[in-house]
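Visitor: Please give me a close look at one part of this structure, the surroundings of the ligand. After that, I would like to see how that part connects to the rest of the chain.

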Amino acid sequence: MQPHPMLKAHYTTADAKPVFIDGLFDQGAPHYDAIVDWGFLRSGATYRRWVQRHHGLRPGHHLLDVACGTGLVAVEAEKILGSAAHITCLDPSAGMLAVARTKLAARFVQGRAEALPFADASFDFLTMGYALRHVTDLETTFREYHRVLKPGGKLLILEVTKPASHAGAMVFDLYFGRIYPFLTRLFTRSGAARDMMRYYWESMDACVPPAAVLGALRSVGLVDVQRATALGLFSEYTAVKP
Ligand SMILES: C[S@@+](CC[C@H](N)C(=O)[O-])C[C@H]1O[C@@H](n2cnc3c(N)ncnc32)[C@H](O)[C@@H]1O
């Protein structure tokens, strides 16, 4: 199952999607941290640290951060683990990885969630922050997560989810669809940064509902599959490899 229908304004084949997305993040990488910082009212670092601790990341764990981007999840994980020695960061975008490399001494790998270049049963904990919409297929991705987790290992997928209520959806569309891309262009003076944030909204807007994500997680044999929410907007999907 695709995480959203084809966004034909940007690509018309499944093969073209990753090419488009890599270009988007390579170009937007220099601006990403600043945009996310003010766009989420400076809450991002605190939330990313809290949510990983809350869902069970502990010192001693070997962590895989898929779609690490500029490292915003991994730098908070380092504070919990006490070092980056057991953190592996994976992302397809060379531009995003280049920024992340300046922040922590983790292992960095260029690659995709759908084909992880790691041995079976390698990790205790797997995170994916705000990138599930970018994969080409949910089940393929989740089978890989199941494969690389150790028995008893846990995954945590963070997403922004369009509110179910009519009023909430209207505010969501106004902020992420119009205000956020407009302010991004204004502050960064970068059309590439604006396009990255506009696509951010388009893919969230078109995303399959949470029940479909939960179903896909269960379908690959993961157990204790759950979704918690914060502020009705932030989804925390968790699951365990039996
Ligand atoms: C919005 S950023 C999220 C970065 C970071 N995790 C965070 O919390 O801010 C999305 C990231 O997903 C990456 N990405 C896109 N397609 C991917 C794929 N198929 N597999 C893994 N990562 C992917 C992009 O390169 C980008 O760095």
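Guide: The account below begins at the ligand and then moves outwards.

The model is a predicted one, in which local features need pLDDT of at least 70 and side-chain atom pairs count only at pLDDT 80 or more, while totals for chains, interfaces and linings use all residues. Residue numbers start from 1 along each chain as its sequence is written.

The shell around the ligand holds 21 residues, and A67, G69, S93, G129 and A131 are the closest. A residue is near the ligand if its C-beta atom, placed from the backbone, lies within 6 Å of it. By class, the shell has 14 nonpolar, four polar and three charged residues. In this scheme Ala, Val, Leu, Ile, Met, Phe, Trp, Tyr, Cys and Pro are nonpolar, Asp, Glu, Lys and Arg are charged, and the others, Gly among them, are polar. Two helices, α1 (16-39) and α3 (72-81), each provide at least two shell residues. The most comes from α1, which gives three. Helices (H or I, at least four residues) and strands (E, at least two) are DSSP runs numbered from the N terminus.

Two of the closest residues can be followed in detail. A67 sits in the loop between β1 and α3. Its phi is near 60°, a positive value in a residue other than glycine. A67 counts as buried because 24 C-beta neighbours lie inside 10 Å. The cut-offs are 20 or more other C-beta atoms within 10 Å of a residue's own for buried, 12 or fewer for exposed, and partly exposed in between, with C-beta atoms placed from the backbone. Not counting residues up to four places away in sequence, A67 touches D91, A113, M128, G129 and A131. Contact here means that the C-beta atoms of two residues, placed from the backbone, lie within 7 Å. One of these partners, D91, is 24 residues from A67 in sequence, and their C-alpha atoms are 4.6 Å apart.

G129 belongs to strand β4. With 22 C-beta neighbours inside 10 Å, G129 is also classed as buried. Its contacts, leaving aside neighbours within four places in sequence, are R48, A67, L72, V73 and L158. R48 and G129 are 81 residues apart along the sequence and 8.7 Å apart from C-alpha to C-alpha.

Strand β4 leads on to helix α5 (residues 138-148), whose buried residues are L138, T141, F142, E144, Y145 and V148. Seen down the axis of α5, these residues fall within an arc of 155°, so they line one face of the helix; the arc is that of the directions from the helix axis to the C-beta atoms. They pack against β1 (63-66), β4 (123-129), β5 (149-160) and α8 (210-219).

Next comes the nonpolar interior. The largest nonpolar core has 59 residues, and L63, A74 and L126 have the most contacts inside it. Such a core is a set of buried Ala, Val, Leu, Ile, Met, Phe, Trp, Tyr and Cys residues joined through C-beta atoms within 7 Å. It draws at least three residues from each of domain 1 (16-163 + 208-240) and domain 2 (169-199). Apart from neighbours within four places in sequence, A74 is in contact with D65, C68, I87, C89, A100, L104 and A106.

The domain bounds come from an automatic or database domain assignment. The C-alpha centres of domain 1 and domain 2 lie 22 Å apart. Their contact takes nine residues from domain 1 and 12 residues from domain 2. On the side of domain 1 that touches domain 2, four residues are nonpolar, four polar and one charged.

Three residues illustrate the helices α6 and α7 and the loop between them. Y180, in helix α6 (residues 166-188), has 20 C-beta neighbours inside 10 Å and therefore counts as buried. Y180 and V36 are 144 residues apart in sequence and 9.9 Å apart in space, C-alpha to C-alpha. R189 lies in the loop between α6 and α7 and has a phi near 60°, again positive in a residue other than glycine. R189 counts as exposed, with 10 C-beta neighbours inside 10 Å. R198, in helix α7 (residues 191-206), is partly exposed because it has 19 such neighbours inside 10 Å.
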